[in-house]
Amino acid sequence: MAAETLTVDLGTETGPFHGGASGTLYGLYGDGVPSRAVVEGMYVRTVATKAQDGIQHPGADALEILPSFVAAGGRDVYLYMPDILRGFPYEWPGATGEERLAGFTQSIRRQVRQVLTMGALKSHVVYVPFNEPEGNMFGEGEWSYDGISWHTDPGHYFAAWRDTYRLIKGLDPDARIAGPNTCILYPEVKGFLAFAKEHDVLPDVITWHELSSPAEVRTNVAKYRAWESELGIGPLPVNVNEYAHNYHLSVPGQMIQWISAIEESKIDADMAYWNIAGNLNDSAVEANKANGQWWLFNAYGQMTGNTVAVTAPQPNVQYTLQGVATLDREKRQARVLFGGSSGCADIVVKQVDLLGATVRARLQEIPWTGQLGASAQPLILRDEQLPVADGRVTLPLTGLDEMSAYQLILSPGGDGPVRPQPSAGWRRTYEAEDAAYTGGGYSKNGPEGSPADVDKFATSGGYHVGGLRTGSDGVLAFDVEVPRDGTYEVRVHANAHNLAEPVREHGPTNVFLRVDGEDPRELLLPLGYKPAVWGHTDAEVELTAGRHLITLAAQDPDLGATRGDAVVDRLELVLRDTERVARYDAGYAALAGGARVSGPAAVLPPGGSATFWVHAADDGEATLALHGDGEGLLAVNGEEIGRIGAEDLPVFLAGGVNKVTVAASEDLLVEQVTVGPARGLLPTTTYPAQEGVLTGTAKATAFSYATGGKAVDGIGRGPANALTLTVTADRPGRHALTIRYSNGEQPPSTHYNPDPVCRHADITVNGDGTRRVLFPTTFHFNNFWRLSVPVTLQQGANTVTFTADELPDFDGTGTNAHGQRSAHAPVLDSVTVTPLA
């Protein structure tokens with residue numbers, strides 16, 4: 001097949017980089033879920049979420065997420081006022097339309113008064129009085145105002161909009177109000193705008209949903225702008241506050257197509273909420289880990305300067321190669337994000353002589369790792385000097401994966417020191433549907449999501465395999481071949497639906513891995529919130545060059561039998577880097593305070609800083625070093641660590657995403673920050689929860705996957721029901737408490753969203769102050785994850801107490817009647833104590 005061509009013209013600038021595609025609908029549950037580092041590193045610009053104390057879904061209360069979101073660099077919280085109600089269509093009480101609207105008006109009055117208590121933070125709130133009015137309050141259904149769609153007769157809707165708008169502005173004159181928030185940009189929206197202009201009630205932000213295609217984004221934004229010109233209004237800010245489908249979300253090669261359309265249109269947009277709250281619309285894993293989609297938005301958010309013209313092989317056609325690009329003349333750096341097709345492509349960058357006669361080109365791949373599969377930082381495919389000919393460079397690419405996105409960074413060649421970066425190692429993917437299966441119970445399932453069925457989830461190859469379940473004798477066998485002797489990582493991409501009957505009973509589904517019939521080991525396959533959402537379980541194996549047989553079995557003569565029910569999507573085999581040191585070049589970092597790029601390095605004046613988004617596979621010690629000229633001040637996840645130079649420094653990193661910042665107190669040249677494995681220099685002790693002091697209803701309970709077979713349940717519903725541990729620190733100062741926990745609480749939902757609850761624990765150290773910590777769902781009480789919390793310990797013995805109670809509503813008096821605010825802490829298995837540095 002002939003290579004397609006994607007052309008980037010650095011000489012044709014199209015306006016300042018906007019960054020608006022990183023918005024999220026219900027993507028934040030509360031402070032800590034997801035973590036501050038995950039939110040900040042994804043450069044989330046806008047959040048659409050429910051009214052405070054709303055009963056539409058658990059968590060995501062607007063005024064609870066507001067302070068931490070703004071602190072993480074967020075701009076606006078769009079407050080969905082009707083999400084105070086249950087059900088969809090919204091179930092607003094009242095026997096008549098007039099009664100229903102009157103009751104809702106009182107709710108709006110109360111919501112605005114709550115916002116007014118937030119001080120300066122209220123300027124970040126945007127009110128959304130009605131959501132999809134055509135299918136809800138002013139549609140034709142059971143819960144509509146009068147059973148007549150506003151498309152037919154808009155009188156009641158227009159009057160309600162006018163009166164609600166004036167009510168909000170009367171209570172909060174500085175309020176920003178968004179609408180009409182329709183599910184698409186209907187032609188009738190033009191009439192809404194004309195009415196709003198006539199009555200001086202125009203929205204401050206225009207909103208609608210694009211559950212369609214990236215092409216429709218461009219088309220409808222242009223259509224709306226034409227209406228503005230015709231009506232003599234605006235231009236007003238636009239927020240498309242729901243976009244993309246299940247098939248697209250989590251898949252970098254799909255999402256770059258949406259991002260390119262949204263960025264080209266210079267609007268804000270929020271990813272749609274189809275699944276669970278608090279994971280940034282299938283971007284975040286657990287509380288602090290990232291999948292491939294997160295790393296795509298991390299790359300997108302670090303674009304600076306102006307966007308430039310990008311000509312795709314098939315402009316504005318979904319499921320084809322698309323891209324977005326920027327040029328930062330001050331940095332002398334260009335960035336291109338592209339993806340969406342497999343096979344070959346030529347990336348042509350014109351007028352690149354703006355950067356010099358030669359350029360350094362770094363090409364990275366951001367692969368798809370599943371909705372619930374954690375991912376390391378993007379893979380470096382190429383890092384080379386290229387000559388500029390006729391003002392352009394061309395990168396011929398082969399082996400592109402349509403599910404991956406790619407980042408190309410161009411900077412002046414021969415400028416500044418270069419420490420070579422290792423390229424991505426050998427990788428192969430083997431589809432489960434192509435593997436051999438013996439035994440009973442086999443099923444080939446699918447097809448799953450596709451361009452023709454976007455409501456289903458993306459699945460590698462479109463199919464997956466079942467059969468590994470309770471009572472099965474099935475064996476799934478992958479015939480693999482590797483290029484050389486070495487340590488390989490086996491990644492089993494799989495799913496065990498947490499509500500399937502065998503899984504509901506036991507939790508994670510266990511299967512048994514062997515290589516060439518030897519070295520048996522048990523793997524726990526990842527749980528998921530729905531069928532066919534994918535995570536991965538990893539294991540390391542030693543392989544010699546040549547062919548091998550890797551088997552996943554439901555029975556093993558040495559280890560036992562499977563309990564549960566799982567499906568397998570694919571097996572991925574990756575040759576491990578023997579050095580195991582990750583290198584982050586400062587010239588590609590996020591720079592501030594006057595720091596400037598010098599090729600792949602950065603020059604930091606006093607007060608300047610470079611921020612690196614660093615991946616760690618697990619919570620614990622890592623080895624950091626700064627390569628360059630001089631020493632800097634190191635901060636990790638907002639914690640000041642101290643001075644760092646070329647000597648290795650042991651530092652605690654949280655599993656997943658870490659914000660590592662190097663600041664200069666005097667002129668500093670930073671080439672790289674390197675992150676290597678632990679050397680055992682940070683004293684670490686683990687304390688089983690069952691060995692603590694248990695009071696009230698807290699008790700040690702059997703859980704088969706807990707350490708030692710027991711964990712502590714029953715903490716909460718008041719401070720009398722508590723766990724207290726005595727932990728020892730060999731030095732005073734900041735430490736990490738790494739808490740191994742489980743949380744499977746999930747009340748009934750009213751629609752397609754599973755509604756798991758984040759439990760919380762109130763943690764007190766030595767009786768001084770209490771810190772409230774949210775724990776995301778682990779999808780089952782027998783499925784244990786880790787969450788690290790920084791605390792201050794004194795030298796010697798310290799008491800750490802865990803309690804919980806149901807949190808009241810905003811006014812401090814009422815409580816949630818639908819089980820959406822748990823009174824209990826999570827099940828606690830153990831606490832590990834490690835100094836931060």
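This is a short exchange about burial, contacts and cavities in a predicted model.

Colleague: Why is T537 called buried?
Modeller: Its relative accessible area is 13%. Buried means under 20%. So T537 is buried.

Colleague: Where does T537 sit, and what does it touch?
Modeller: T537 is in strand β29, residues 535-543. Leaving out residues up to four places away in sequence, T537 touches V490, R491, V492, L523, L524, L525 and P526.

Colleague: What makes the link from T537 to L524 a polar contact?
Modeller: The side chain of T537 reaches the backbone oxygen of L524 at 2.7 Å. The cut-off for a polar contact is 3.5 Å. The distance of 2.7 Å falls within 3.5 Å, so the pair counts.

Colleague: Why is helix α8 described as largely enclosed?
Modeller: Helix α8 covers residues 292-301, and 10 of the 10 are buried, so the rest of the structure largely encloses it. Among them are W294, W295, F297 and Y300.

Colleague: What happens at the start of α8?
Modeller: A side-chain oxygen of N291 comes within 3.0 Å of the backbone nitrogen of Q293.

Colleague: How many cavities of 30 Å³ or more are there?
Modeller: The structure has 6. The largest holds about 130 Å³. It is lined by 16 residues, with I276, A277, N279, P776 and T777 closest to its centre. By class, that lining has 12 nonpolar, 3 polar and 1 charged residues.

Colleague: Which helix gives the largest share of the lining of the second largest cavity?
Modeller: That is α2, with 3 residues. The second largest cavity has a volume of about 80 Å³.

How values were computed: Residues numbered from 1 in each chain as written. Predicted model: local features only at pLDDT ≥ 70, side-chain atom pairs only at ≥ 80, totals over all residues. Heavy atoms only, no water. Buried < 20%, exposed > 50% of the residue type's maximum accessible area, 1.4 Å probe, protein only. Helix = DSSP H or I, 4+ residues; strand = E, 2+ residues; numbered from the N terminus. Polar contact = N/O pair within 3.5 Å; in protein donor to acceptor, adjacent residues only side chain to side chain. Contact = heavy atoms within 4.5 Å. 1 Å grid on protein atoms, 1.4 Å probe; cavity = no way out; pocket = protein on both sides within 12 Å on 5 of 7 lines; lining within 4 Å. Points joined across faces, edges and corners; volume = space filled by probe spheres on them. Nonpolar A, V, L, I, M, F, W, Y, C, P; charged D, E, K, R; others polar.
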